[in-house]
Amino acid sequence: RDEYVDESLRADGRGLDIPPSQCPVCERDVTPDIRCRDCVGRTLCCAECACRLHARTPLHSVERWNGSFFRRTTLADLGLSVQLGHSPGALCRFRVSPRRKFTVIHTNGIHTITLYFCGCGINHGVPPRSQLRRFGWWPATPLEPLTAATEEVLKQFHLLNLQGNTTGYDFYRALELYTDNTGLAPPAERLPSFMSMVRQYRHIKMLKRSARGHSVNGVGGTKPGECAVLCPACPQPGLNLPPDWESAPEDQRWLFRRIVAIDANFRLKNRMRSSNAVDPGLGTGFSYFVEQDGYNEHVAKFATQEEISTCSGFASIANANTKNTKGLRSTGVGAISCAKHEFWLPNGMGDLQRGERYCNMDYIFLSGIRGLQGQQLLISYDIACQWSKNLWDRMEAFPQSLRLAISPSDVDYAVPKFHMQAHGEDCQTEFNLHLKRVGMTDGEGPERNWAMINGKASSTKEMGPGGRHDTLDDACGHANWRKVVNMG
């Protein structure tokens, strides 16, 4: 322990090195007193060499020996400036006035630098925001940016948030402590800017991975659900079914049947924060959440629709789902997924305003299964015994584009295996998955799916409606992608 303590103290000071009178880098007769905390070896050099060596890495943290200890300084204080639009070390002949207090958020802290935008680039139509993007930095605003985040820190937070549910607040505060853990010289407050950049980064990544950048129609031509990660294993005509699947004998049509699961989650609540006008979703309807206009219109029209209940367990469930709704914009979300492989379906998720009402779940179901043609369909739902009654009559209230294009005889219903015990004996016979030719499918996939994204509940509960949709869409896309990678 003494040895390890000594080595830690050695790293804080100059160790046994006798201050040389010559810089080991440029070999000039000048005392080397600068070292970089992020470089391997922490070699001492002079201020001029520190600027020259870090011309390509201007966000490294440096320290200066004051005769007794190392004091934190910045490369900007040593004279280093960043010139956009040109190679490192080169200057723009038409460069504009410097931004001497430009803030950059990076994986190793929050930095203040001196920045020059390229004047010749601006003259040729390259605005400052594009110059930052081409440098690998994300501008906090598209107008006159004075703050940016590196793509490295955005990617780092994105993965930590998806995998470990690290909040933006905690991540940014940790960067502040990384920058100055004494609290004596806190960096600039840029948390709102950082969260704005994170949200943009997520959205642009989703569009890029969905090939929207290669579409002649651009982002504006994105169709509903086009940015969702699809299940590669569910039977889908034109994708993974034999060309003659429609002519299969009647006793073999079940092989090409779609099996979906519906469920609601009342942990993903949302308080009455902000509004759709102030906080619209950047991509609501592009991936997993339903298109809001049609959904809200339908729910408002049929919110008072009478719901039938004859099952002993249904009434108590409905009562529990409608408690504690005061001050909430959304009491939870409903969703549809493929039951065998547990992928979230495109446009198959929506907000619930008051419990698990049919008007909400009907729209979510029909939106998620839209486009089903000629296949049989099995629906697993913990209240399938009640919800399936009059489904086809309720479907008449929907536009033709959302109605099922198959006959009622091609649709079957089941209750997930774990939920079956709460139902009466009649339900346990008619809606038993063991009798539906589904192999090992238990219908409980939504519960496992909820477990993957419930870690977002505490942060999304306080978000505005658009930010919440963008965050949950991102989480669903990550869950679907990990299933693709691990599918074998």
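A residue counts as buried when its relative accessible area is under 20%. This cut-off is applied below to a predicted model.

The protein chain has 488 residues, and 49% of them count as buried. Its secondary structure comprises 16 helices and 15 strands. The C-alpha atoms fill a box of roughly 95 × 60 × 45 Å along the principal axes. The radius of gyration is 29 Å, whereas a compact globule of 488 residues would have a value near 23 Å. Contacts were examined between residues at least 6 apart in sequence; 67% of these join residues at least 24 apart. The exposed surface of the protein chain amounts to about 24900 Å². Carbon and sulfur atoms supply 52% of that area.

Charges were considered next. The protein chain carries 57 positive and 51 negative charges. The mean positions of the two sets are 6 Å apart. Side chains of opposite charge can pair when their charged atoms come close. A search of the whole structure finds 21 salt bridges.

Arg 199 takes part in two of the pairs described here. Its partner in one is Asp 279, with the closest N and O atoms 2.6 Å apart. This pair links distant parts of the chain. Arg 199 lies in helix H7 (residues 191–209). Asp 279 lies in the loop between strand E10 (270–271) and helix H8 (292–302). The two residues are 80 residues apart. Both Arg 199 and Asp 279 are buried.

The other partner is Asp 470, which meets the side chain of Arg 199 in a salt bridge of 2.9 Å, N to O. Asp 470 belongs to helix H16 (residues 465–485) and Arg 199 to helix H7, so this salt bridge ties together parts that are 271 residues apart in sequence. Asp 470 is buried, as is Arg 199.

A further salt bridge joins Arg 448 and Asp 442. Here the closest N and O atoms are 3.0 Å apart. Arg 448 has a relative accessible area of 38% and is therefore partly exposed. Asp 442 is also partly exposed, because its relative accessible area is 21% and the buried class requires a value under 20%.

Salt bridges also form a network in this model. Arg 173, Glu 176 and Glu 189 are linked in this way.

Notes:
Residues are numbered from 1 along each chain as its sequence is written. This is a predicted model: local features need pLDDT of at least 70, side-chain atom pairs count only at pLDDT 80 or more; totals for chains, interfaces and linings use all residues. Side-chain values use heavy atoms; hydrogens and water are left out. Helices (H or I, at least four residues) and strands (E, at least two) are DSSP runs, numbered from the N terminus. The radius of gyration is taken over C-alpha atoms; the globule rule is 2.2 Å times the number of residues to the power 0.38. Buried means under 20% relative accessible area, exposed over 50%, partly exposed in between (1.4 Å probe, protein chains only). Contact means heavy atoms within 4.5 Å. Accessible areas come from the Shrake-Rupley method with a 1.4 Å probe; for residues, only the protein chains shown count as cover. Lys and Arg count as positive and Asp and Glu as negative; His and the chain ends are not counted. The place of a charge is taken as NZ of Lys, CZ of Arg, CG of Asp or CD of Glu. A salt bridge is a side-chain nitrogen of Lys or Arg within 4 Å of a carboxyl oxygen of Asp or Glu.
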